[in-house]
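Work through the exercises below with the coordinates open. Each task is followed by a stepwise solution.

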Amino acid sequence: MIVYNEQTNVFKLDTQSASYVMGLADGRYLGHIYYGKKLKSTDLSDLLRIGENPFVPSENARDKASFLDCYPMEFSFGGTGDFRESCIEVLNEQGQAGLELTFEGYRIYKGKDALEGLPATWGGDSETLEITLSDAPTGFKVLLSYSVFADSDAVVRSAKAVNGSAQTVYLNRMLSACLEMDEEAFEILSLHGSWARERKIQRQPLGYGSIVTESIRGISSHQDHPFLAAVSADCTQTAGEVYAMHFVYSGNFLAKAQKTAADTLRMVMGIHPKQFCWKLEPGQVFQAPETVLVYSGEGLDHMTHTFHDLYRNHLIRGSYKDKERPVLINNWEATYFDFDTDKLLSIAREAAALGIEMLVMDDGWFGHRDSDNSSLGDWTVNEKKLPGGLHDLVGEVNRLGMKFGIWFEPEMISPDSKLFAMHPDWALQLKGRVPTQAREQWVLDLSRPEVVDYVYECLRAVLHTANIAYIKWDMNRPLTDIGSSSLPPQRQGELSHRYMLAVYELQERLITEFPDLLLENCTSGGGRFDPGMLYYSPQIWCSDDTDAVERLLIQEGTQLLYPMSAIGAHVSDCPNHIVGRNTPFETRGIVALAGAFGYELDITKISSQERTLVPGQIAQYKKYAPLIREGDYYRLASYRENHQYDCYEIVSKDRSTALLFLIQVLGEPNRRSRKLKLRGLDADAQYEADGKRYDGDTLMHAGFVHKRMHGDFQAEVIEFRRV
């Protein structure tokens with residue numbers, strides 16, 4: 001529900017249990033008043049403190065700069081007196097930057113508009129507030145959009161710049177959202193890592209100055225995640241305050257928390273200003289991506305549930321949105337580049353006999369690619385490996401009762417490729433420099449429409465040759481040499497964002513023409529695991545590290561924000577190919593249940609004992625798939641914190657069923673059983689597990705006693721069912 005109180009000049013947006021409030025100072029300056037637990041009143045303008053020194057400009061023009069530098073701006077602007085972090089910077093034809101954005105008008109409407117060319121939340125019982133701010137001397141405008149959903153506690157924000165002036169301007173900075181409040185000894189929660197160790201949780205106190213998480217790699221990146229949350233010092237899973245921001249975008253980003261000398265907190269999020277400069281002719285607009293804001297007064301659990309439900313109900317799309325995903329086997333760690341039709345079919349026959357439903361052929365099927373040093377861009381089948389091409393191979397796999405999937409890396413070009421020989425200018429490059437290689441490959445210049453069309457025609461041509469049900473879309477290097485031979489000099493700063501828009505366009509075209517296709521995004525594992533990608537693919541490869549112990553840490557950070565159905569998780573071979581660790585096959589299967597389940601190994605070479613376990617793992621996944629896809633996730637204990645074991649729970653929405661996952665990483669001598677307090681159950685009901693009955697309130701408040709398992713790397717799943 002959205003209301004505007006004309007007497008107090010206050011806007012109030014209500015979600016299920018929170019209120020977001022803004023107001024006007026001097027009738028002109030849009031300021032943030034409140035974000036927190038749901039309020040009844042809209043008479044909240046006193047909270048802007050406009051009756052205090054330095055007073056509003058109409059009463060104290062001589063100290064206007066002081067006002068601008070302490071007022072809680074709803075969308076911050078720089079160059080005219082606010083010296084804190086700015087959301088926007090516009091350079092005019094005179095080479096000068098500076099704006100003063102003031103309130104011009106608003107509209108409230110039912111529903112929510114799509115963002116052209118960008119991923120965005122959609123559907124449901126929603127309402128939107130659009131506020132127009134303008135710069136009087138130039139006519140430059142910013143349209144702020146706020147949407148709320150009846151079934152969600154999230155506030156979804158975006159911003160649009162409109163060049164209403166008579167001259168060409170350059171947009172050097174255009175963030176999506178600003179959140180400002182009094183600083184209350186907050187700590188900052190963020191996600192960091194690297195390849196094979198993505199999204200590790202980090203929490204640190206916020207002192208004076210700034211904490212930044214960012215990417216200028218052309219991808220949201222393994223190293224940082226487009227998420228930032230300010231949490232109260234006493235925040236736990238079940239108590240304390242959380243103010244979270246999550247960016248619905250897959251390219252360069254900036255997320256910053258800044259504590260000022262006035263003891264206020266300003267958080268901003270948007271496209272990174274570095275490598276960004278957008279030319280706007282008179283009348284042209286620039287649409288910034290969405291940012292999702294979530295407030296929780298009940299700790300991290302409520303924040304997590306809000307993100308999960310919003311993304312399940314209003315971001316993920318397509319035929320697999322609410323459908324069980326096929327259990328797949330990928331040949332990458334089984335064969336790497338060393339495979340042919342006979343090898344793939346030997347894997348498929350064994351897999352089909354055990355109940356696996358899809359064979360995915362990974363890298364190495366095209367051009368003359370026997371290693372990672374050639375052929376990207378040459379998307380034609382290597383018939384030396386695959387006689388008869390995809391048609392014959394896929395036909396044989398289908399006759400086994402299995403679906404077929406295939407790997408692509410559409411955004412890349414190899415120096416050793418027919419495509420590069422024909423179009424050397426199609427690679428991103430700086431004039432006069434040889435582009436920097438990574439993985440012996442370069443990046444295609446997707447700012448060029450002819451390159452986008454070429455890539456798409458390659459994809460669709462392959463898909464039309466055979467019955468292909470799944471694509472793994474990979475992207476194995478960051479963007480360097482940010483230069484295009486087709487863009488004029490004054491538009492080179494648009495390249496990184498144009499590249500990302502082209503990726504979105506390609507994936508939109510793909511899922512539109514092939515609506516039953518299951519698309520799984522991958523970027524060297526989890527380098528582009530973000531809400532933007534989730535709009536196009538219902539699942540994303542979580543990490544190239546499939547070790548069961550490492551995955552506990554990676555999946556914990558991912559589960560903090562994303563529903564488990566979005567997490568690509570596989571049972572892989574041991575010793576693990578990345579860390580060399582041996583873990584039991586049973587444990588690998590339980591850890592991989594926390595997502596879209598599959599296998600990443602040579603099933604013809606595993607032991608007979610392990611082979612006998614596969615049908616049971618598949619049956620377990622299928623039994624629990626609806627609950628894993630739709631249920632509420634609770635983090636009960638973290639191996640990251642205790643260095644001994646991991647424990648989490650999934651509870652059905654009707655509270656009739658709960659799954660308790662416990663993974664013991666290290667065994668300990670002379671220890672008593674663990675007492676685990678479950679969450680999310682019906683306190684007045686009884687639950688049965690392993691033939692014994694328990695009261696719901698006992699399980700939640702007194703606890704469930706779990707006898708310690710013997711040995712390292714042990715795991716168990718316990719089902720609690722209401723009786």
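## Exercise 1: a buried ion pair

Arginine 157 is buried, with a relative accessible area of 1%. The model is a predicted one.

**Task.** Find the salt-bridge partner of arginine 157 and state where the two residues lie.

**Solution.**
- Step 1. Look for a carboxyl oxygen within 4 Å of a side-chain nitrogen. Glutamate 74 qualifies, with the closest N and O atoms 3.1 Å apart.
- Step 2. Place both residues. Arginine 157 sits in strand β9 (residues 154-162), and glutamate 74 in the loop between α1 (64-68) and β5 (88-91), so the pair ties together parts that are 83 residues apart in sequence.
- Step 3. Check the partner's exposure. Glutamate 74 has a relative accessible area of 0%, so the residue is buried.

## Exercise 2: two further salt bridges

**Task.** Classify each residue in the pairs arginine 448 with aspartate 425 and glutamate 668 with arginine 708 as buried, partly exposed or exposed.

**Solution.**
- Step 1. Take the cut-offs: buried is under 20% relative accessible area, exposed is over 50%, and partly exposed is in between.
- Step 2. Take the first pair. The closest N and O atoms of arginine 448 and aspartate 425 are 3.0 Å apart. Arginine 448 lies in the loop between β25 (442-443) and α7 (449-465), aspartate 425 in the loop between α6 (418-422) and β25, so parts 23 residues apart in sequence are tied together.
- Step 3. Apply the cut-offs. Arginine 448 is at 10% and counts as buried. Aspartate 425 is at 30% and is partly exposed.
- Step 4. Take the second pair. Glutamate 668 and arginine 708 meet at 3.4 Å, N to O. Glutamate 668 is in the loop between β33 (657-664) and β34 (674-676), arginine 708 in the loop between β37 (704-706) and β38 (714-722), so this bridge ties together parts that are 40 residues apart in sequence.
- Step 5. Apply the cut-offs again. Glutamate 668 is partly exposed at 29%. Arginine 708 is partly exposed at 25%.
- Step 6. Set these pairs in context. The salt-bridge count comes to 59. Asp69, Asp82, Arg84, Glu180 and Arg266 form a linked network of salt bridges.

## Exercise 3: a covered strand and its partners

**Task.** Which strands pair with β22, and in which sense?

**Solution.**
- Step 1. Inspect the faces of β22 (residues 358-361). In a regular strand, side chains alternate between the two faces of the sheet. Met358 and Val360 are on one side, Leu359 and Met361 on the other, and all are buried.
- Step 2. Find the β21 partner. Strand β21 (residues 328-330) runs parallel to β22, joined by three bridges. Asparagine 330 is opposite valine 360.
- Step 3. Find the β23 partner. Four bridges pair β22 with strand β23 (residues 403-408), also in the parallel sense. Here methionine 358 is opposite lysine 403.
- Step 4. Trace the connection. From β22 the chain passes through helix α5 (residues 389-399) to β23, in a right-handed β-α-β crossover.

## Exercise 4: an enclosed helix

**Task.** Why is helix α11 described as largely enclosed?

**Solution.**
- Step 1. Count the residues. α11 (residues 585-592) has eight residues and seven of them are buried, so the rest of the structure largely encloses this helix.
- Step 2. List the buried ones: Phe585, Thr587, Arg588, Gly589, Ile590, Val591 and Ala592.

## Exercise 5: three single residues

**Task.** Describe the settings of threonine 132, leucine 636 and tryptophan 195.

**Solution.**
- Step 1. Threonine 132 belongs to strand β7 (residues 126-135). Its relative accessibility is 13%, so it counts as buried. Beyond four places in sequence, threonine 132 touches Thr102, Phe103, Glu104, Gly105, Lys141, Val142 and Leu143.
- Step 2. Leucine 636 belongs to strand β31 (residues 632-637). At 21%, leucine 636 is partly exposed. Its contacts beyond four places in sequence include Cys647, Tyr648, Leu660 and Leu678. Serine 232 is 404 residues away along the chain, and the C-alpha atoms of the two are separated by 19 Å.
- Step 3. Tryptophan 195 is in the loop between β11 (187-194) and β12 (197-205). At 42%, tryptophan 195 is partly exposed. With Ile578 and Val579, Trp195 makes a nonpolar surface patch of about 250 Å².

Methods: Residues numbered from 1 in each chain as written. Predicted model: local features only at pLDDT ≥ 70, side-chain atom pairs only at ≥ 80, totals over all residues. Heavy atoms only, no water. Patch = residues over 30% accessible without salt bridge, like charges linked within 9 Å, V, L, I, M, F, W, Y side chains within 5 Å. Areas by Shrake-Rupley, 256 points an atom, 1.4 Å probe, with all protein chains shown as cover. Buried < 20%, exposed > 50% of the residue type's maximum accessible area, 1.4 Å probe, protein only. Contact = heavy atoms within 4.5 Å. Pairing = 2+ DSSP bridges. Right-handed = clockwise from strand over helix to strand, strands pointing away.
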